[in-house]
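Please look over the sequence and the structure below before reading on. The text then walks through the fold and a few of its residues.

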Amino acid sequence: MKILLLPLLLATSTSGFLITEAEPGLALVSPGEKVTLFCAVDDDYEWCKFYHPSGEFCDFEWKRSEGNITMQECGLGERVEFHGKYDDRECGITFTAREGDTGIWKCEIEEYVTWRSRGAGRVQTAEMNV
């Protein structure tokens, strides 16, 4: 019985949690234009955070009890909206560009770990240039 358990644990620990898409790599926009930044992963996630070039961020969490993504905190105000389908393992934001939005944005996604809290899962990041 112990011999069968060990290979199962090894298979579980080597499974991937990787970003499969990060778009756009580069976005050339003018103030007033809509921008969508998007990341997708290959497994379920619980937290997704987008960092503005200034360091401000918008933080989203999958809430099983509510069956949706909920914005936890967002230093960019109400101009940011969630974009994507959780069931397709997508996380993105849409906003109207302003002059101060130029620079490197970062998407950070943490995997879903049953009955655990933030920091328990693997984290993947991607960068986009706006």
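What follows goes from a sheet to the core and then to single residues.

The model is a predicted one. A good place to start is the open sheet of 5 strands, which runs in the order β5-β4-β3-β8-β9 with antiparallel pairing. Its edges are formed by β5 (68-74) and β9 (123-129), each of which pairs on one side only. On average, neighbouring strands of this sheet are turned by 20 degrees against each other, direction ignored.

Within this sheet, strand β3 (residues 45-51) and strand β8 (residues 104-111) pair in the antiparallel sense over 6 bridges. Phe 50 has Cys 107 of β8 as its bridge partner.

Phe 50 also leads into the nonpolar interior. The largest nonpolar core has 27 residues, and Phe 50 is among those with the most contacts inside it, together with Leu 37, Tyr 45, Val 80, Ile 93 and Ile 109. At least two residues of this core come from each of β2 (34-41), β3, β4 (57-63), β5, β7 (90-96), β8 and β9. The strand that gives the most is β2, with 4 residues. Neighbours within four places in sequence aside, the contacts of Phe 50 include Leu 37, Phe 38 and Cys 39, as well as Cys 91, Gly 92 and Ile 93. Cys 107, the bridge partner of Phe 50, is also one of these contacts, as is Met 128.

Is the charged residue next to Phe 50 in the numbering, Lys 49, buried or exposed? Lys 49 is found in strand β3. With a relative accessible area of 12%, Lys 49 is under the 20% limit and therefore counts as buried. Beyond its neighbours within four places in sequence, Lys 49 is in contact with Phe 57, Cys 58, Asp 59, Lys 106, Cys 107, Glu 108 and Arg 118. The C-alpha atoms of Lys 49 and Cys 91 are separated by 8.7 Å, with the two residues 42 apart along the chain.

Arg 79 is found in the loop between β5 and β6 (81-83). Arg 79 counts as buried because its relative accessibility is 19%, and the limit is under 20%. A polar atom of the Arg 79 side chain lies 2.8 Å from the backbone oxygen of Thr 96. Apart from neighbours within four places in sequence, Arg 79 is in contact with His 52, Thr 94, Phe 95, Thr 96, Arg 98 and Asp 101.

Notes: Residues are numbered from 1 along each chain as its sequence is written. This is a predicted model: local features need pLDDT of at least 70, side-chain atom pairs count only at pLDDT 80 or more; totals for chains, interfaces and linings use all residues. Side-chain values use heavy atoms; hydrogens and water are left out. Two strands pair if DSSP finds at least two bridges between them. Axes are lines fitted to C-alpha atoms, for helices over the stretch in contact, and angles run from 0 to 180 degrees between N-to-C directions. A nonpolar core is a set of buried Ala, Val, Leu, Ile, Met, Phe, Trp, Tyr and Cys residues joined through side-chain atoms within 4.5 Å. Buried means under 20% relative accessible area, exposed over 50%, partly exposed in between (1.4 Å probe, protein chains only). Contact means heavy atoms within 4.5 Å. A polar contact is a pair of N or O atoms within 3.5 Å; within protein, one must be able to donate a hydrogen and the other to accept it, and residues adjacent in sequence count only if both atoms are side-chain atoms.
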